Amino acid sequence: MSQSDVGFKAALEEAKKGADEGGVPIGACLVSADGKILGRGHNMRVQKKSPTIHAEISALENAGRLPASAYKDATMYTTLSPCDMCTGACILYKVRRVVLGENNTFVGGEAYLKERGIEVVNVRSEECEKLMTEFIKTNPGDWYEDIGEPSK
């Protein structure tokens, strides 16, 4: 897994799109075992005033209704360690692997993914970390709301 993977590139493009829209700069992309993009999306909680449209949920939604077999060997690329909700979605659909851009700004459900037999790969992207660090610094209220924490 590397930052040049089609899924990671798409997730990063989605994160930048979210940032350009004034939202939380997190992107995700669901990719089949044969490298086909099934769905991609970005966090739209701010834009749509939604409590649940995180990047991974957006990617799953944009993939549309798929048979369970489509997820079995799929990889979820995400620019940030997935929160509990997105971790749960990956577990529910039995995604095989989760590739995350970074986990320095936030550590989500990585341990639980691993406990459930899902491979977790961290590509340690400085670009992803920079996007999040800048967002958190300038939008702390939106960030803490996004992760279900009171503003600090």
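Visitor: In this predicted model, how many bridges join β4 to β5?

Guide: Strands of a sheet pair through backbone hydrogen bonds, either parallel or antiparallel. In this predicted model, β4 and β5 run parallel. Within the pair, V99 stands opposite V121 in β5, while R97 has its bridge partner in E119 of β5. The number of bridges that join β4 to β5 is four.

Visitor: Which helix makes a β-α-β unit with β4 and β5?

Guide: The unit made by β4, a helix and β5 is right-handed. The helix in this unit covers residues 110-115 and is α6.

Visitor: What is the order of the strands in the open sheet of five strands?

Guide: The pairing in this open sheet is mixed; for example, β4 and β5 run parallel, whereas β1 and β2 pair in the antiparallel sense over five bridges. The edge strands, each of which pairs on one side only, are β2 (37-42) and β5 (119-122), and neighbouring strands are turned against each other by 15° on average, direction ignored. Read across the sheet, the order is β2-β1-β3-β4-β5.

Visitor: Which residue takes a positive phi in the hairpin of β1 and β2?

Guide: The two strands of this hairpin are joined by five bridges in the antiparallel sense, and V31 has I37 in β2 as its bridge partner. Five residues lie between the strands, and the one with a positive phi near 90° is G35.

Visitor: At about what angle to β2 does helix α1 run?

Guide: Helix α1, which comprises residues 6-20, lies across β1, β2 and β3 (75-78). Its direction relative to β2 is given by an angle of about 25°.

Visitor: Is H42 buried or exposed?

Guide: H42 has its place in strand β2, and, leaving out residues up to four places away in sequence, it touches a set of residues that includes E14, A15, I26, H54 and S58. From H42 to S58 the C-alpha to C-alpha distance is 6.0 Å, although they are 16 residues apart in sequence. Because its relative accessible area is 4% and the limit for this class is under 20%, H42 is buried.

Visitor: Why does Y77 count as buried?

Guide: Y77 is found in strand β3, and its C-alpha is 5.8 Å from that of V98, a residue 21 places away in sequence. A residue is classed as buried under 20% relative accessible area, so Y77 falls in this class with a relative accessibility of 6%.

Visitor: How many residues does the largest nonpolar core have?

Guide: Among the residues with the most contacts inside this core are I26, L30, M76 and W143, and the elements that give two or more residues to it include β1 (27-31), α3 (55-63), α5 (84-92) and α7 (126-138). For M76, when neighbours within four places in sequence are left aside, the residues in contact include L30, A59, L60, C90 and V98. A second, separate core, with A11, A15, V123 and C128 among its members, has 13 residues, while the count for the largest nonpolar core is 30.

Visitor: How far apart are the axes of α3 and α5?

Guide: Two packed helices are described by the angle between their axes and the distance between the axes. E56, I57 and L60 in α3 meet M85, C86 and A89 in α5, a contact with five nonpolar, no polar and one charged residues. The two helices pack at an angle of about 35°, and the distance between their axes is 8 Å.

Methods
Residues numbered from 1 in each chain as written. Predicted model: local features only at pLDDT ≥ 70, side-chain atom pairs only at ≥ 80, totals over all residues. Heavy atoms only, no water. Core = buried A, V, L, I, M, F, W, Y, C linked by side-chain atoms within 4.5 Å. Buried < 20%, exposed > 50% of the residue type's maximum accessible area, 1.4 Å probe, protein only. Contact = heavy atoms within 4.5 Å. Axes fitted to C-alpha atoms, helices over the stretch in contact; angles between N-to-C directions. Nonpolar A, V, L, I, M, F, W, Y, C, P; charged D, E, K, R; others polar. Pairing = 2+ DSSP bridges. Right-handed = clockwise from strand over helix to strand, strands pointing away.
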